Amino acid sequence: MNKVIRIEPVPVAAAGQGEVELYEIRRKIYPRAVHGVFARWRVALVIFTQVIFYGLPWLSWNGRQAVLFDLGTRKFYIFGLVFWPQDVIYLTLLLILSALALFLFTAVAGRLWCGYACPQTVYTEIFLWIERKIEGDRLARIRMDAAPMSLEKVVVKGLKHTVWLTIAVWTGYTFVGYFTPIQDLGVRAITWNLGGWEAFWLLFYAFATYGNAGWMREQVCKYMCPYARFQSVMFDKDTLVIAYDTKRGEPRGSRSRKVVPREAGLGDCIDCQICVQVCPTGIDIRKGLQYECIGCAACIDGCDQVMDKMGYPRGLIRYASQNAMAAGAGLAFEWRHLLRFRTVLYTTLLAVVATGAIVGLALKNPLKVDVIRDRGALAREAAPGVIENSYRLHVMNTDERARSFRIDATGLPGLEVVGVEQPVALEAAGARLLPLRLRAPADSAAPGPHAIEIAVRAADDPKVARREKSTFILPR
Amino acid sequence: MSDFTSGFWNIYVIVLTVVSLVGCAWLLVAMSKARGAAPPVKGTKDTTGHVWDGDLAEYNNPLPKWWLNLFWITIVFAVVYLVLYPGFGNFPGVLGWSSSGAYVAERKGVDTTVEPLFAKYRAMDIKQVAADPEARAMGERLFLNYCAQCHGSSALGARGFPNLTDKDWLYGGEPETIVTTVTNGRLGVMPALGAGLGPDGVKNVVAYVRSLSNLPHDKLSAQLGKPLFAQNCAACHGAEGKGNPAVGAPNLTDEVWLYGSSEAAITEGVMRGRNLNASEGTLAMPAFKDILGEGKIHLLAAYVWGLSNRSAAGK
């Protein structure tokens, strides 16, 4: 570290007898509607993610709900796949993939997740859209909030909250529908017959949606969300961020369209405040990169429109890396700096983990077997010269069809399975604890423990098989 | 009801709780404003007024008010909680909640959910239940959970724990007897006869007992042991040594030996008895009445009865 951080003295007001509030009353933000390339991207992502979220629980597969996380029976259905708690490794892989993808996207282009795909952004966007349709755009909303209470205000506000709450309750219903069959849930909701936890989570999720998207909005990103803060440590000077071109914009000032800026001693920024008005977190991007910026690019869209009207080139506010901005370089520079140590590392890790996950899923064995040796009695003489050991076999058929299995044991001469009626039938997605006895001649090997293997094979498919290690004890 | 050993702790807890809550509230009031700071002046940074080393100042980046209100809500929550639930010294709370009460309520809830599952089988005769494959699967699961630790997964038993798959029963193998055994438990006691019989007497009795099931034995000793057996053992094991299910005395004439058939094992039993001293650990069958309830015991008894009556149970 050879960089020196300079300490800049701040002019401090002389200490006095006054009081300073350490908490401030939140100033409500009225984001202005914005149109443009990035706004269209965001709308597209809102539609894309919400079609999936609201639609997925209604799909059927194999005569059941296609995506269902059944906590009661601890089975997690995702289309053709059935995951059991033992498959938690796939959840781990999914979380690792998500984390690496977040790292990669953030290193390349800043808070893309926050700006386009995060549920907080998505639902705020939906709720804002409704608010605009009912109350009007920024100025109308500011006027209405400032106006004294009136019948019109009550009606308009009431309508807005009714629509918000309807969407929120539907969102909660959909959420619970991932954990309990959604059609059945609907019937029971209409007949007022919900289970306690179902009702709780439905209302809780609805309340969270309504509260966060309708009321809390940017406060969630600024004060509550940990991701918002730790994404900034993934930035470097080559990360694309939403940036205001100070060199080009300053000195800012209003002017007539006929004025040539350079001749008037002005930069390209006309100080119209559009970038501030469209900002959902209420910051002024012209002050530089700030932690509140969620990277939604609304200010880019807003500024580009103004630049078009003024007849100036677009991009006074644009996606640019700090290095490119400092060098006054363009897109080519940023493309060249796309490949750097951390992006290559993230991409490599992402590819490795993704490959591992896909291969793992493709080779997933629908049969799981645990062998548990009895502890009460190590060995027993079943008949003169014949030794028996007792085990418990936990056989789990995670496939969605009934199967029957054959059980064999190897490892000692004359070792055989007794006490089980072969083949063992297991229902679809069923499990059985099976008492099992193994029998071997007392003189088949030296006294003491011997490593053996118990094999469970599906009768209809040789690939569905497991071999589990255990021990067989021959007493002295 | 109090868990405290003296009234002092009641007061102690109450004082601590009140002081903590009041302290938290005071902290929230006192720390929401910085005193001694100059009111914000245009062009200067808003600071808290704390200055170190002459020029190090602290920016004021205020948190939103609602954040402060969250702290107040925790205090309100604490007060409401202490009113409703136990925690304020000895005060039991308005709701009268207790962890043991919650456990009982939960048990009750589970019982009412599972009761219909068992009700169908409880109405049936145990021998019929044993022939029902679904009931047998339920019984097997219960057996593996509650019985297999001692009797083994295959119910073959171990030293001191009876094999349940054969026709030999200590207390009788009728379905009703099995229900009684599981419900109330069993403790088969054999008195210690070492002192009364003397070393030679023990040796002779053991020889006679081994002769009953045709195990290798000393003929003369067995002859001498016969009258001793009649005096000391026949009361429980019967004059012919065939045992007595009423007291759980084992049949000594068959090949089934709970503690082993060796001379040493039988000698130990005669000398020191069995299951006499709780501190040495007794091999008692626990009573499952409160643990399982009648519904589960009915299924379990059917499963156990079916183990030694495979053909009758439809297997």
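This tour moves through a predicted model with the chains A and B, from whole chains to single residues.

**Chain A as a whole**

Select chain A and display it as a cartoon. The chain holds 17 helices and 18 strands. Its radius of gyration is 32 Å, well over the 23 Å given by the globule rule for 476 residues, so chain A is more spread out than a compact globule. Aligned on its principal axes, the C-alpha trace of chain A spans about 110 × 65 × 55 Å. Colouring by burial would mark 26% of the 476 residues of chain A as buried. Of the contacts in chain A with a sequence separation of 6 or more, 67% are between residues 24 or more positions apart.

**Two cis peptide bonds in chain A**

Next, select Glu250(A) and Pro251(A) and show the backbone as sticks. The peptide bond from Glu250(A) to Pro251(A) is cis, and its omega is near -10 degrees. Pro251(A) sits in the loop that runs between α11 (246-249) and α12 (261-264) of chain A.

Then move to Gln422(A) and Pro423(A). Here, too, the peptide bond is cis, with omega near -10 degrees. The setting of Pro423(A) is a loop between two strands of chain A, β14 (416-418) and β15 (424-426).

**Ile274(A) and Ala297(A)**

Select Ile274(A), which belongs to helix α13 (residues 274-277) of chain A. Is this residue buried or exposed? Ile274(A) counts as partly exposed because it has 19 C-beta neighbours inside 10 Å, whereas 20 or more are needed for a residue to be buried. Leaving aside residues up to four places away in sequence, Ile274(A) touches Gly302(A), Cys303(A) and Val306(A). For a sense of distance, add Phe175(A) to the selection: Ile274(A) and Phe175(A) are separated by 99 residues in sequence and by 37 Å in space, C-alpha to C-alpha.

Continue to Ala297(A), in the loop between α13 and α14 (298-310) of chain A. Ala297(A) is a residue other than glycine with a positive phi, near 65 degrees. It is buried, because 27 other C-beta atoms lie within 10 Å.

**Chain B as a whole**

Hide chain A and select chain B, in which there are 12 helices and 4 strands. How does the radius of gyration of chain B stand against that of a compact globule, and what is its value? Chain B has 36 Å, where a compact globule of 315 residues would have a value near 20 Å. The C-alpha trace of chain B spans about 115 × 50 × 40 Å along its principal axes. Of its 315 residues, 23% count as buried. Among contacts in chain B between residues at least 6 apart in sequence, those joining residues at least 24 apart make up 62%.

**Helix α7 of chain B**

Select residues 175-184 of chain B, which form helix α7, and show side chains. The buried residues of this helix are Pro175(B), Ile178(B), Thr181(B) and Val182(B). Turn the view to look down the axis of α7(B): the buried residues fall within an arc of 120 degrees, so they line one face of the helix. Glu176(B) and Asn184(B), on the other side of α7(B), are exposed. Just after the helix comes Gly185(B), with a positive phi near 75 degrees.

Which helices does the buried set pack against? The partners are α4 (126-130) and α12 (289-308) of chain B.

**The contact of α7 with α12 in chain B**

Add α12(B) to the selection. The axes of α7(B) and α12(B) come within 9 Å and cross at roughly 145 degrees, and the crossing is right-handed. From α7(B), the contact involves Pro175(B), Ile178(B), Val179(B), Val182(B), Thr183(B) and Asn184(B). These meet Lys289(B), Ile297(B), Leu300(B), Ala301(B), Val304(B) and Trp305(B) of α12(B). By character, the residues of this contact divide into 9 nonpolar, 2 polar and 1 charged.

**Last stop: Asn275(B)**

Finally, select Asn275(B), in the loop between α11 (263-272) and α12 of chain B. Although it is not a glycine, Asn275(B) has a positive phi of about 60 degrees. Asn275(B) counts as partly exposed, because it has 16 C-beta neighbours inside 10 Å.

Methods. Residues numbered from 1 in each chain as written. Chains lettered and ligands numbered in written order. Predicted model: local features only at pLDDT ≥ 70, side-chain atom pairs only at ≥ 80, totals over all residues. Buried ≥ 20, exposed ≤ 12 C-beta atoms within 10 Å, placed from the backbone. Arc of directions from axis to C-beta. Contact = placed C-beta atoms within 7 Å. Axes fitted to C-alpha atoms, helices over the stretch in contact; angles between N-to-C directions. Left-handed = near helix turned anticlockwise from the far one by under 90°. Nonpolar A, V, L, I, M, F, W, Y, C, P; charged D, E, K, R; others polar. Rg over C-alpha atoms; globule rule 2.2 N^0.38 Å.
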